[in-house]
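Colleague: Thanks for making time for me. Could you walk me through this model, one question at a time?

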Amino acid sequence: ILFTILNPIIQLFLLLGIFFVITGRKINFKSKEDFYPFFLLVLMYLLVIPSPSNTLFWLTGAMVYSWGFVPPLILLCLFRQSIDGKTLKDSFLNNILMVLYGFTVGMSNENTGPMMFGLTVLFLIYCKFKKIKIPKFYYFTLVGIILGITAMFGSGAGAYRAKGNAFLYDW
């Protein structure tokens with residue numbers, strides 16, 4: 001029952017977060033300017049995903065892939081805000097928290113962790129190129145992502161899956 005209640009909320013949060021990353025603003029549902037792109041985003045979300053029944057509606061698939069994308073999406077929203085000059089302040093506590101958060105993002109799953117590493121590096125390069133001031137905690141986030149990816153692929157099961165032998169193992 002809890003999944004039935006939380007899953008639509010998480011899916012809506014993902015759509016709203018994706019809209020924010022794309023546009024840089026929160027959606028105004030009363031505006032046609034926002035409604036049509038959001039409607040298109042919803043259609044793509046439902047129709048372009050190769051197996052929506054497994055990824056969106058099945059308990060395990062939704063929790064691993066859809067719900068697992070919440071931490072990386074929040075990080076993408078932080079990146080987007082930084083481009084507009086809004087960001088967290090540099091502090092020792094934020095640096096430590098972002099290492100832990102980056103670790104969580106790096107450990108999210110075998111697809112998202114490496115993707116977020118690449119996006120973080122590209123974001124840092126973009127900021128250098130555009131001369132956008134980069135807070136130190138983004139570098140700490142990158143360190144956390146690297147540690148998370150290393151832990152995920154370095155674990156026994158993760159290393160075994162990375163070799164492509166996951167389905168040959170006799171559970």
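**A loop residue to begin with**

Modeller: Happy to! Lys131 is exposed, with a relative accessible area of 73%. Please keep in mind that this is a predicted model.

Colleague: Where is Lys131 found?

Modeller: Lys131 has a phi near 60°, which is a positive value in a residue other than glycine. Most residues other than glycine have a negative phi. As for its place, Lys131 sits in the loop between H7 and H8.

Colleague: Stepping back, what does the secondary structure of the protein chain come to?

Modeller: Read along the sequence, the pattern is α-α-α-α-α-α-α-α-α. The C-alpha trace spans about 50 × 40 × 30 Å along its principal axes. The secondary structure comes to nine helices and zero strands.

Colleague: What percentage of the contacts with a separation of 6 or more comes from residues 24 or more positions apart?

Modeller: One pair far apart in sequence is Val42 and Leu16, which are 26 residues apart along the chain, with their C-alpha atoms separated by 9.8 Å. Val42 lies in helix H2 and counts as partly exposed because its relative accessibility is 22%. For the chain, the share of those contacts from residues 24 or more positions apart is 68%.

Colleague: Let's go inside. Which helix gives the most residues to the largest nonpolar core?

Modeller: This core has 30 residues, and Leu14, Phe38, Leu75, Phe79, Phe123, Leu124 and Tyr138 touch the most other members. At least two residues come from each of H1, H2, H5, H6, H7 and H8. The helix that gives the most, with six residues, is H5.

Colleague: Which residues does Leu124 touch, not counting those up to four places away in sequence?

Modeller: Leu124 is among the core residues that touch the most other members, and so is Tyr138. Tyr138 is also one of the buried residues of H8. With residues up to four places away in sequence set aside, Leu124 touches Ile134, Tyr138, Tyr139 and Leu142.

Colleague: How far apart are the end C-alpha atoms of H8?

Modeller: In H8 the buried residues are Phe137, Tyr138, Thr141, Leu142, Gly144, Ile145, Gly148, Ile149 and Met152. They fall within an arc of 165° seen down the axis, so they line one face of the helix, while Lys136 and Gly154 are exposed on the other side. At 1.5 Å a residue, the 19 residues of H8 should span 27 Å, and this agrees with the distance between the end C-alpha atoms, 27 Å.

Colleague: And H6: what arc do its buried residues cover around the axis?

Modeller: The buried residues here are Asn94, Asn95, Met98, Gly102, Val105 and Gly106. They lie on the same side of H6, because the arc they cover is only 105°.

Colleague: Which helices are included in what covers the buried residues of H6?

Modeller: On the other side of H6 from its buried residues, Phe92, Leu93 and Leu100 are exposed. The cover over the buried residues includes H5, H7 and H8.

Colleague: Is Thr112 buried or exposed?

Modeller: Thr112 belongs to helix H7. Leaving out residues up to four places away in sequence, Thr112 touches Phe69 and Pro72. Its relative accessibility is 9%, and buried means under 20%, so Thr112 counts as buried.

Colleague: Now the second largest pocket. Which element supplies the largest share of its lining?

Modeller: This pocket has a volume of about 240 Å³. Its lining includes Phe13, Leu16, Gly17, Ile74, Cys77 and Gln81, and the elements that give two or more residues are H1 and H5. The largest share, five residues, comes from H1.

Colleague: One last point: which residue with a positive phi follows H1?

Modeller: H1 has 22 residues, which at 1.5 Å a residue should span 32 Å, and its end C-alpha atoms are indeed 32 Å apart. Among its buried residues are Phe3, Asn7, Ile10 and Leu14. The residue that follows H1, with a positive phi near 85°, is Gly24.

Key: Residues numbered from 1 in each chain as written. Predicted model: local features only at pLDDT ≥ 70, side-chain atom pairs only at ≥ 80, totals over all residues. Heavy atoms only, no water. Core = buried A, V, L, I, M, F, W, Y, C linked by side-chain atoms within 4.5 Å. Buried < 20%, exposed > 50% of the residue type's maximum accessible area, 1.4 Å probe, protein only. Helix = DSSP H or I, 4+ residues; strand = E, 2+ residues; numbered from the N terminus. Contact = heavy atoms within 4.5 Å. Arc of directions from axis to C-beta. 1 Å grid on protein atoms, 1.4 Å probe; cavity = no way out; pocket = protein on both sides within 12 Å on 5 of 7 lines; lining within 4 Å. Points joined across faces, edges and corners; volume = space filled by probe spheres on them. Expected span 1.5 Å × (residues − 1).
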